[in-house]
Amino acid sequence: MLRCDHCLLEVPNRKAIFDRIKEEEKVFCCDGCRGIAILISEEGLEEFYRRRNNSWLPGPPEDKSIEPAAFANTIRQVGDDVETEIILDGIRCASCIWLTEKILLKTEGVTYARVNYATHTAKVQWKPGHTNIGGILTRIKSVGYTPKPFSAKAHEEGLRRQQRDILIRLGTSAFFSIQIMMYSVALYAGYFQGISGSIKVVLQIVSLALATPVLFYAGMPFIKGTIRGLRNLSFNMDVLVITGAGSAYVYSIYQIFSGGEVYFDTSAMIITLILLGRYIEAGAKGRASEVITRLLALNPKEARLVTNSGAGVKSLESVSISSIKTGDRIEVTPGEMIPLDGIVTEGMSEVDESMLTGESRPVSKKAGSEVFCGTQNLYGTLVYKVQRTGKETVLAQIIKTVEDAQARRAAIQTIADRVVGFFVPAVLLLSAITGLAWLFYGSTPTGAIMNSISVLVIACPCALGLATPLAVLMGTTKGASSGILIKGGDIIERARNIDTVVLDKTGTITESKPELVSYKEIGISDIEALRLAASLERLSEHSISKAIVNAAEEMKPYNVDEFIACPGKGVKGIIEGKEALAGSRNFIESEGIFNDLDTVLTSEMLSWVKLQEHSGNSVVYASFDKRLSGIFIISDTIRKEAGEAVEMLKKMVYDVIMITGDCIDTAVTVAGKVNLDEDKVMAQRSPVEKAEVIKSMQKEGRKVLMIGDGINDAPALIQADVGIAMGRATDIALESSDMVIMRSDLRLIPDAIILSKKTYKIIRQNLFWAFVYNIVALPLSVTGILHPIVAAVSMTLSSLSVVGNSMRLKSN
């Protein structure tokens, strides 16, 4: 029998396929393995075979067809790239992860590829113009793995599988360790009171039999981690664990034959106690991921599609969520979950949005109201038109944000990782020196080895490795459950240094529910002036535009050609061959319609405009065919909690500033109503100018937090040290921000800053205690004061202290 050089499957000589690859004769069980081996060679990835370890299960790759269309709903836009998550079948060991990542990164257009070993989930980003989902799937298939669409069920199964594996290993280890301790008690008693040599050997051999599954089954994850680390010349925490437990195990076997004392209990208890720490850590991570799990569970699988069967008769059909498209109508009855985002067209009800916003009070819904996937309809039947599906829903974006936040690393984490990288080799060297020193000064070999093992076990830097990621995990989870989405640990670190808070006006300080309260036509009829302005504004996303459009909803709009939106200024286009504009006074004047509107408006009209501005209303000017055609007064209610939020920020000793594209009179009036002085107001600023203002503050040494919600806020949100978008913000603002406030409550901004400070404080406390523990414990081990079992208990307690300290974030 021969063995396949790729999959290691045994194959009879008559069925074997032979080929030469780089001048070496190779044997394969099938054409699939031969093709994969050739590809691996052509791509220069032969290291895959060197990395492959004993956990590799022999067998050829799966031969399943893949359909790119099945992955359509998993693809989402990330800046200029697109991203998807893929479940991989056929992953056998860590070398499979390595090969998959390498082959994807060698694919033209792929900018990012990472595979999670626990869940076998690959996250891939690529540039649309260079490759597509079909090309990505083909590359994965080409190296022998079967890609499947990511699903919440598969994700949860992966997490459960990981936790179940740790629990089974811990249970096995604990069971055998308890038995070993009973025999060890007998051996210890015999040591002090005397024991028959034959009975002693029997007890020692039984202890060996019990310790073997503990080390080689329960401790197998540590063994595999050690082998991987040594192969890559990377000394990880597993090296310390296995070196300590393995040394006690091997030395005890030697002692059986030499007639000495054995320490199988030490070997077993080291594995058991560290597994206990890992299990508690996994449980903490699981609890921290409860928010994601609950959100994933909110996704309904089916919905009732509303169709018209003719003669105005409405019919209902239960369909899969994946088959629903934008524009379809969905019916939701009381008690049901809303399956996708959309706008209500029929019915009235109240909806529980607490899982998305943290707000416990139901929200009233009627025709025109927005509803969101994962929220629960409470009392009435609603029919709504679908606006967003799949990965575009607010719920999907929240899940992605929380997952990404838990993957992003704080700068302080990099320092801890660097310390661990140097720490492990240093401890191995210190352990060897300790053993040799004890032998040199006359200690018995047993004493020297036990002290060396104590150094290895006590120094295991598990607490150091947990200190930052676990605190970030708890902090982001706490924020998500309160309606604050924090996109990563690095943002937590930046937010703690903030000294200046910049607030946008429209949609941030105000409700972003503007209404057209008054307008005056100039030179044309009232109806025509409103119709012209609404025809332009309906193509804009700005909240002020919606006020004019809503006021003209009964009018038939004009067709608009060559439409251009100028963020922070206004809109323009061609209507019936003539230029039409709508926007701020500066915009109208800058477009050359008039050099100075004061010379065009009557004194009565100017007084009316000034009065509106002093009342805090926004003024929109419209022109058609180079002539002023109308003036529109837009009123937007100030958020009732805005003044309280500003006062809270002031008490936290932050410099609070309001910036807006609106005129100075309107801005000052709004600022006065929220307890902001006139010198803290910056008006008539374009999006670029907003970003420049923040940049100039940063040059002065300030750390700036910016809060906004519109497209015109995106440059400032990106420029700021920390950008916060309100939950109902535009997609661009949400993408540009570092945090998202899901509930329309400005008081969450101080809460977000406080949470960031608390989380960073916990990180520093964790790192402090982790370092202090090693500084105090290592000398005790070197001097022989700590026995290896005591060292293992101490090491586990240090990890548990980090877990417990991080868990405080969840309860605070």
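In the predicted model, strand β13 (residues 341-346) is paired with strand β18 in the antiparallel sense, and five bridges connect the two. One facing pair in this arrangement is D341 with R388 of β18. On β18 there is also a pairing with β12, again antiparallel, over four bridges. Here E331 is the residue that stands opposite V383 in β18. Strand β18 covers residues 382-388, and five of its seven residues are buried, so the strand is largely enclosed by the rest of the structure.

Strand β12 (residues 329-332) is in turn joined to strand β10 (residues 302-308) by three bridges, and these two strands run antiparallel. In this pairing R304 stands opposite E331 of β12. E331 therefore has a partner in β10, namely R304, as well as one in β18, namely V383; strands of a sheet pair through backbone hydrogen bonds, either parallel or antiparallel. These strands belong to an open sheet of six strands, with the order β11-β10-β12-β18-β13-β16 and antiparallel pairing. Its edges are formed by β11 (314-320) and β16 (370-371), each of which pairs on one side only.

A further open sheet of six strands has the order β21-β26-β25-β24-β23-β22, with antiparallel pairing. The edge strands in this case are β21 (515-521) and β22, and each of them pairs on one side only. On average, neighbouring strands of this sheet are turned by 15° against each other when direction is ignored. Within the sheet, strand β25 (residues 618-624) and strand β26 (residues 627-635) form an antiparallel pair over seven bridges. V620 stands opposite F632 of β26. Helix α19 (residues 543-551) packs on the sheet and touches β21, β25 and β26, and the direction of the helix makes about 105° with that of β26.

At the β22 edge, strand β22 (residues 560-566) and strand β23 (residues 570-575) run antiparallel and are joined by five bridges. The bridge partner of D561 is I574 in β23. The hairpin of β22 and β23 has three residues between the strands, and G568 in this hairpin takes a positive phi near 80°.

V560 also lies in strand β22. Its relative accessible area is 15%, which is under the 20% limit, so V560 is buried. Apart from neighbours within four places in sequence, V560 is in contact with S535, L536, L539, G573, I574 and I575. Among these contacts, I574 is also the bridge partner of D561. V560 and E579 are 19 residues apart along the chain, and their C-alpha atoms are separated by 9.8 Å.

Two helix pairs were examined in the same model. The axes of helix α22 (residues 642-651) and α27 come within 8 Å and cross at roughly 30°. An angle under 35 degrees counts as roughly parallel, and α22 and α27 are therefore roughly parallel to each other. The contact is made by A645, M648 and L649 in α22 with I749, P750 and I753 in α27. By class, this contact has six nonpolar residues, with no polar and no charged ones.

Helix α27 spans residues 748-782, a total of 35 residues. From its first C-alpha to its last, α27 reaches 51 Å, close to the 51 Å expected at 1.5 Å a residue. Just after α27, G784 takes a positive phi of about 85°.

The other pair consists of helix α21 (residues 603-614) and helix α23 (residues 664-673), whose axes come within 7 Å and cross at roughly 30°. These helices are therefore also roughly parallel to each other. K610, E613 and H614 in α21 meet D665, T666 and T669 in α23. The residues of this contact divide into three polar, three charged and no nonpolar.

For the protein chain as a whole, the secondary structure comes to 28 helices and 31 strands. Of the 812 residues in the chain, 51% are buried. Among contacts between residues at least 6 apart in sequence, 68% join residues at least 24 apart.

Methods:
Residues numbered from 1 in each chain as written. Predicted model: local features only at pLDDT ≥ 70, side-chain atom pairs only at ≥ 80, totals over all residues. Heavy atoms only, no water. Axes fitted to C-alpha atoms, helices over the stretch in contact; angles between N-to-C directions. Parallel < 35°, antiparallel > 145°, perpendicular 65-115°, else oblique. Contact = heavy atoms within 4.5 Å. Nonpolar A, V, L, I, M, F, W, Y, C, P; charged D, E, K, R; others polar. Expected span 1.5 Å × (residues − 1). Pairing = 2+ DSSP bridges. Buried < 20%, exposed > 50% of the residue type's maximum accessible area, 1.4 Å probe, protein only.
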